[in-house]
Amino acid sequence: MSTISRRSFIKTGIAAGSVMLASPKDARPAEVKTLPPDRRGVLVDTTVCIGCRRCEWACKNAHSLPAGDITDYDDESVFANKRRPDDKALTIVNRYEKIGDERFPTNVKIQCMHCEQPACLSACIVGAFKKDDTGAVVWDTDKCIGCRYCMVACPFQIPAFEYEKALDPKIMKCDFCIDRQKNGELPACVEICPAEALTFGKRSELITLAHRKIELFPERYYNKVYGEAEVGGTSWLYLASREFMELGFLKLGTNPAPGVSESIQHGIFAYFVPPIAFYALLGGVMWLNKNRNRGEE
Amino acid sequence: MSGHSNAYPIKAKFLTPTVWGLIILAATAVLIVLARLIFGIGSVTNLSNSTPWGLWIGVDVGAGVALAAGGFTTAAIAHIMNREEFHSIVRPALLTALLGYTFVASSVMIDIGRWYYIWHPLIMWNGNSALFEVGICVMIYLTVLYIEFLPIVTERFIGHVNLPGFLKMLNRPIDKFLRILDRGLNTTMSFFIIAGVVLSCLHQSSLGTLMIIAGPKMHPLWQTPILPLLFLLSAFSVGFPMVIMEAYISAKSFKLRHETEVISKLARFVGPLLGIYFAFKIGDMVIRETFVYLTEFTLASTMFVIELLFGIIIPLRMFLSRSVLKSPLALFIASSLVIFGVLFNRFNNFIIAYNPPFTDARYFPSIYEFLLTIGFIAFEVLLYRACVMIFPVVSKEDHQGRSTKYAIRWKV
C-alpha cells in the first residue's frame, strides 16, 4: 500500500466534493424581517446645522454620561480634528470647511445610522442586538459577551467598547433614545437642536420630504439622500450641499449590510442537511474501508 | 483485529534548560492574564474602537484553530480511510489538537470583554452569525476531542490504579469504572471520530466566513466570498505538516529515532492538498482581478506576496520533490513553511487586511499581547511534553504493530 489506490483516491474525491457542495454556490438569501411601515427616522439637514454641539450635550445627559457644562460646547477648537463617536460620547459633530469660502462650513452630526438590515444584529454571536419597531437598533446588556464582532461588522464603524472596564464593559452606541421614544418624547438631540437641523418622523415621510427639499432648492442641495439606499437603507437620513464623500461619509453599496455572509452561513447549514449528509457519507466511507480491510485479512 | 498498543509514556527528564525558559514565558502570560482580569482589556492591549480584534483573535484563535487541524486530518486518514500505517501518528496529532483547542478557548475567554458569559452562546442562539457557528462547533469539538482522548487515559490507568493511604479502598471501584468506561468508549468511538471530522470541516470554514461581514473594511486581496473554502483548504493542507513538524521536534527532544517511513508517506499527501489550496487562491485572485493590487507597493501587497511565496509556492515545490520526501530535515523545513504560511494567512486576514475607514493610527499589537500569545504557546508545549511523559501517546519504532479499530484504542 505504498501508493494511493485508485479506490481510495475516488473516495477522497467524494469526500472533498461533498464539502464543496456546502460552499457558497448554493447559497440562498436569508429571510428579511419585515419592518413596520410606520417606523421612525431622523432627517439630518447638514445645510442647516450650525455646529453648536448642543446635541452632544443633550445626548450625554440622556444617557447618564458625564456631560459637563453646556457652555463648554461653545468651544470650536474641537473642530480642528475629525472626531468619532465613542464610549463616552454617542454622537459628535464634525466641521468640514468649504474650500474658498470659509464662511459657510458644513457641520455633520455622526451617530449610529440604525440600519434597516443591521450588520451588528446579523453578526452578534448571542443575538444581543434587536431592530425595534421604532426603527431603533438596540443592544441588550444581559446577553452581550463582549466579543466585539459587531464592531468588526458595522459598515459605519459605530459601536464602541469600554476597554477600560474589567467588569461588565458595555458596547456603547446611539440607541435612538428608545426609552424616551417609548414615553412619547423626542430623541434628546432632536429635541434640543436650536436650528431644527434634525427632523424626526416616519422614515417613509422623511424620504418624501428630503426629495421635496432637493426638488424645491436644487442649488442648495446635492441631489442625493444619504441613507435612503446605503447598505439597504438606514433610519437616519442625510441631506448635504455637496458630494457626501467630501464630508466624511463612506461610499457604500446598496446591498444589505450583512452582505453575503448570511447567505453563506445558510448555504452551509441549509436545515442541517449538508452537515448530516456529510456525516452519513463519512460513515459510509468508514464502513466500506473497514470491510475491505476485514476481507483482506 | 485487535492488537497491542505500542504507544508508551516517554521516560525522560522533564526539566531541561529549554523547559525552564518555557516556564518563564508561561508565567509571564499568567501575569498578563491577571492584569487583564483586574484592569480590563484596554490596560494590556492596543485594541481600540477602530480595531476591535487584534493579535489574540488573529493568531491565538484564527491560527490556533487552523494549526490544530492535524487532529481531524489524521483521524480522517487513519480511521475513515482506515489506513493502518498512519495509526501511530493519530495520538500525537490528537493531543496537539486537544491542547490547541483548549488554548483557543482560553484565548477567547481572555479576549472577550465578559469572560464570565462565555456560556451564553449555548442558550442564546443567532443562526445568522458566523461567529455563533464557530463558537458552538468549537465547544462541541473540544468535548469530542476530550472524549477521543479518554481511551488513552483508561489505557494508562487500568490495572495501575494505586492511590495512597486510606484512598486505597477506592482502587478497585475506580479500576472497575475505568474498564466500563473503556468498553463504552470502544463501541461508540466511530461516532465521535466522524463527528470530529464533520465539526472540524464546519468550523474551519466558518472561521473564514467571519471576516466576510466586514465587507469593504477588508482589503480586496483577502476579501472574497470563497474565504470559507480557502480557510478549509488551507486547514486540510496544514494538518499533516503540523504532524510532521511535531514528530521531528519530539524525536529531537526525546532523542527518538525519526519515523521516516510513516512521515514520508504522510508527506506525499501534502503536495496535492497544498496544490488545491494554491489553485483556488490564484483562481480567486484571477477571477476577481485583485492582482492589480500587487502592482502597488503597500504593506498589504507585501504581506500577500510573502504569504504566497514562502507559505505556499516554496513548500509546494519542496513537497513535490522526491529527495525532500526522504529527508526528515527537509520535510521539517517544508512543513514549517506551510505552517508559517497558514499562520501568516490568518494574521493577514484578521489584522493586515482589516482597514477601518476612520482611524488615527494603524493597530500594532502591544508587547503584552505578544507576550501573552508567546506564553500561551509555551504553555501548550509544556503540557504536550508532560502529557507524552504521563500517557501512552508516542509509538515505539516498529509500527508494523498489529492494529486496531481505532488508534486511540490499542488495547487487547
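This is a walk through a predicted model, starting where chain A and chain B meet and moving on to the spaces inside and the salt bridges.

Let us begin at the meeting of the two chains. Chain A brings 74 residues to the contact, and chain B brings 70 residues. Together the two chains bury about 6100 Å² between them, and 62% of that area is on carbon and sulfur atoms. Charged pairs also take part: there are 2 salt bridges between chain A and chain B. One of them joins the side chains of Arg114(B) and Asp168(A), with a distance of 3.8 Å from N to O. Across this interface, 25 residue pairs are in polar contact, counting pairs with both residues at pLDDT 80 or more.

Which elements of chain A give two or more residues to the side that touches chain B? They are helix 1 (6-21), helix 3 (119-123), helix 4 (149-153), strand 6 (160-161), helix 8 (261-268) and helix 9 (273-296) of chain A. Helix 9 of chain A provides the largest share, 11 residues. If you sort this side of chain A by class, you will find 44 nonpolar, 15 polar and 15 charged residues.

Now turn to the open spaces. The largest pocket has a volume of about 970 Å³. Its lining is made of 35 residues, and those closest to the centre of the pocket are Met242(B), Met245(B), Ile377(B), Glu380(B) and Val381(B). To trace the walls in the structure, look for helix 1 (17-39), helix 3 (55-67), helix 5 (87-111), helix 9 (227-253), helix 13 (328-352) and helix 14 (367-390) of chain B, the elements that give two or more residues to the lining. Helix 14 of chain B gives the most, with 9 residues. By class, the lining of the largest pocket holds 22 nonpolar, 9 polar and 4 charged residues.

Next come the cavities. The structure has 9 cavities of 30 Å³ or more. The largest cavity holds about 160 Å³ of space. Of the 16 residues that line the largest cavity, the nearest to its centre are Arg84(A), Ile110(A), Gly248(A), Phe249(A) and Phe358(B). Strand 3 (residues 106-110) of chain A gives the most to this lining, with 3 residues. Sorted by class, the lining of the largest cavity has 12 nonpolar, 2 polar and 2 charged residues.

The second largest cavity has a volume of about 130 Å³. It is lined by 16 residues, and here the ones nearest the centre are Cys49(A), Cys52(A), Cys55(A), Cys193(A) and Ala197(A). Helix 2 (54-62) and strand 3 of chain A each supply at least two residues of this lining. Its residues divide into 11 nonpolar, 2 polar and 3 charged.

Finally, step back to look at salt bridges throughout the model. How many are there over all chains? A search of the whole structure finds 23. One that is worth finding is the pair Glu56(A) and Arg83(A), whose closest N and O atoms are 2.6 Å apart. Glu56(A) lies in helix 2 of chain A, while Arg83(A) lies in the loop between helix 2 and strand 2 (92-96) of chain A, so this salt bridge ties together parts that are 27 residues apart in sequence.

How values were computed
Residues numbered from 1 in each chain as written. Chains lettered and ligands numbered in written order. Heavy atoms only, no water. Contact = heavy atoms within 4.5 Å. Buried area = accessible area lost by both parts, 1.4 Å probe. Salt bridge = Lys/Arg side-chain N within 4 Å of Asp/Glu carboxyl O. Polar contact = N/O pair within 3.5 Å; in protein donor to acceptor, adjacent residues only side chain to side chain. Helix = DSSP H or I, 4+ residues; strand = E, 2+ residues; numbered from the N terminus. Nonpolar A, V, L, I, M, F, W, Y, C, P; charged D, E, K, R; others polar. 1 Å grid on protein atoms, 1.4 Å probe; cavity = no way out; pocket = protein on both sides within 12 Å on 5 of 7 lines; lining within 4 Å. Points joined across faces, edges and corners; volume = space filled by probe spheres on them.
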